[in-house]
Amino acid sequence: MSRRMSIAVLYNFTGDDEYELLRKQVKEGLVDSPTGNREDLEDISTVKEEIQAIVRALREEGFAVRAVNVRDDFARLLECLTSPRPDIVFNLVEYFNDDALQEDCVAALFDLLRIPYTGSPPMTLAICQRKALTKQILKANGVPTPRYKLVAGKPIPRLSGLRYPLIVKPAWEDASAGVDEQSVVDDREHLESRVLNLFKEFSQPALIEEFIAGRELGVSVLGTRSPTVLPVEEMDFSTLPPEYRGIISFESKWNPMHEVFHKGELVCPARLSRAVQKRVKNLALRTYQAMGCRDYARIDMRLDDHNRLYVLEVNPNPDLTAGVAFMASAEAAGLSFSQTLRRIVEEALARGPVERDALRGKQAALAAKT
Ligand SMILES: Nc1ncnc2c1ncn2[C@@H]1O[C@H](COP(=O)(O)OP(=O)(O)O)[C@@H](O)[C@H]1O
Ligand SMILES: [Mg+2]
């Protein structure tokens, strides 16, 4: 019998897991949920649990799996790639040296070592981490994205051509970092104070974008050789108290002690007309291909009141937590958690260690036929 394929699931997590701390506090009766229901706090999975779920599912699929937290430590990263050398890496590393802009360097290391790995290549990771650069490429490919200006320092220029309300976001962050209710501004005064705050807090350029009021869609794509768009997910804001704008803010995504975390409802598949669905899917595929995404990605979009679609940003190697976002869409497509992970691994294995080699293989096969 042949040896089982070995997978190293790599992730990078440093510091304390706040959900673990919170759970302990709930158990000890030190904190109460803002919803009045304790279970709402207890059910949130920790990083460790999320990784364990992936490991377990890959084992169920017959792989020999080990998970390594590289802990921002290069020697450790190198060691788990060399002794023993895995057949393939499941790449869940999202930053290195505490810096999201180094996410792509980690994938580049797999390329240098010629180890196959899941997900997007370094260039795609590097570009998608830079929101304004992504928008330029989208525009060049005819993909609609909100009008914007990138501001890297003082003085803040005049923003002719942009119409309020605007939203101010850090240009190089992820996962709603730096996005809260005050990110949306209605006049120059608030805009300036927000941009200056962002410079201070994030030490990076500010992306100022036209705010698109409307519906929020998460569009997941699975596959590389023949990518498919999975059922669309919507974050329905209609249950939010009226004082909120309806955005995926940092608090709403990460802070269970805030009431807004427990509001808003994920709907999958989103209720969309056939015509809109078709446009969403075409746009998602065009975006996926324009950015050079591989294996799996999630594209954040908005649909305004005139049924116009805008791509907000592209997430290569998106979150794989069971039951939400990418995985909710996969489930709605009839794929189980472990089947979805297997598909991702199979795509990466079919590609082999270096993309160019896969192409050479294809060319050789074609040449042999002619
Ligand atoms: N131009 C925009 N119009 C409306 N809402 C926006 C816009 N840009 C961002 N948002 C809101 O902020 C959230 C986070 O922004 P996004 O660009 O997706 O960054 P990230 O998810 O990487 O932090 C979005 O999901 C959306 O709710
Ligand atoms: Mg987003």
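1. Helices α3 and α12. In this predicted model, helix α3 (residues 47-60) and helix α12 have axes that come within 9 Å of each other and cross at roughly 80°. Angles of 65 to 115 degrees count as roughly perpendicular, and α3 is therefore roughly perpendicular to α12. On the side of α3, the residues that meet the partner helix are A53, I54, A57, L58 and E60. On the side of α12, they are F337, S338, L341 and V345. Sorted by class, this contact has 7 nonpolar, 1 polar and 1 charged residues.

2. Residue R342. Helix α12 (residues 337-351) also holds R342. This residue is partly exposed, because its relative accessible area is 26% and the partly exposed class lies between 20% and 50%. Which residues does R342 touch, leaving aside its neighbours within four places in sequence? They are E61 and F63. A longer separation may also be noted for reference: R342 and K139 are 203 residues apart along the chain, and their C-alpha atoms are separated by 34 Å.

3. Helices α4 and α5. Helix α4 (residues 74-82) packs with helix α5 (residues 103-113) at an angle of about 40°, and their axes are 12 Å apart. An angle of about 40° falls outside the ranges for roughly parallel, roughly antiparallel and roughly perpendicular, so α4 and α5 are oblique to each other. The crossing of α4 past α5 is right-handed. F74, L77, L78 and L81 of α4 make the contact with V106, L109, F110 and L113 of α5. By class, the residues of this contact comprise 8 nonpolar, no polar and no charged.

4. The magnesium site. Which protein residues act as donors to the magnesium ion (ligand 2)? They are D300, through OD, and E313, through OE, and they lie 1.9 to 2.1 Å from the ion. D300 belongs to strand β12 (residues 296-303) and E313 to strand β13 (residues 309-316), so the pair ties together parts that are 13 residues apart in sequence. Are these donors buried or exposed? D300 is buried, and E313 is buried as well.

5. Residue N307. The loop between β12 and β13 contains N307. Its phi is positive, at about 65°, although N307 is not a glycine. Most residues other than glycine have a negative phi. N307 is partly exposed, because its relative accessible area is 37% and the partly exposed class lies between 20% and 50%.

6. Residue D72. A positive phi is also found at D72, with a value of about 55°, although this residue is not a glycine. D72 is placed in the loop between β2 (64-69) and α4. The reader may wish to locate D72 in the structure alongside the helix described in point 3.

7. Cis peptide bonds. Most peptide bonds are trans. The bond from K154 to P155, however, is cis, with omega near -5°. P155 is placed in the loop between β4 (148-151) and β5 (166-170). The peptide bond from Y164 to P165 is cis too, with omega near 0°. P165 is likewise found in the loop between β4 and β5.

Notes:
Residues are numbered from 1 along each chain as its sequence is written. Chains are lettered from A and ligands numbered from 1 in the order in which they are written. This is a predicted model: local features need pLDDT of at least 70, side-chain atom pairs count only at pLDDT 80 or more; totals for chains, interfaces and linings use all residues. Side-chain values use heavy atoms; hydrogens and water are left out. Donors are N, O and S atoms within 2.8 Å of the metal (3.2 Å for Na, K and Ca); water is not among the atoms, so sites may look incomplete. Helices (H or I, at least four residues) and strands (E, at least two) are DSSP runs, numbered from the N terminus. Buried means under 20% relative accessible area, exposed over 50%, partly exposed in between (1.4 Å probe, protein chains only). Axes are lines fitted to C-alpha atoms, for helices over the stretch in contact, and angles run from 0 to 180 degrees between N-to-C directions. Angles under 35 degrees count as roughly parallel, over 145 as roughly antiparallel, 65 to 115 as roughly perpendicular and the rest as oblique. A crossing is left-handed if the near helix is turned anticlockwise from the far one by less than a right angle, and right-handed if clockwise. Contact means heavy atoms within 4.5 Å. Ala, Val, Leu, Ile, Met, Phe, Trp, Tyr, Cys and Pro count as nonpolar, Asp, Glu, Lys and Arg as charged, and the others, Gly among them, as polar.
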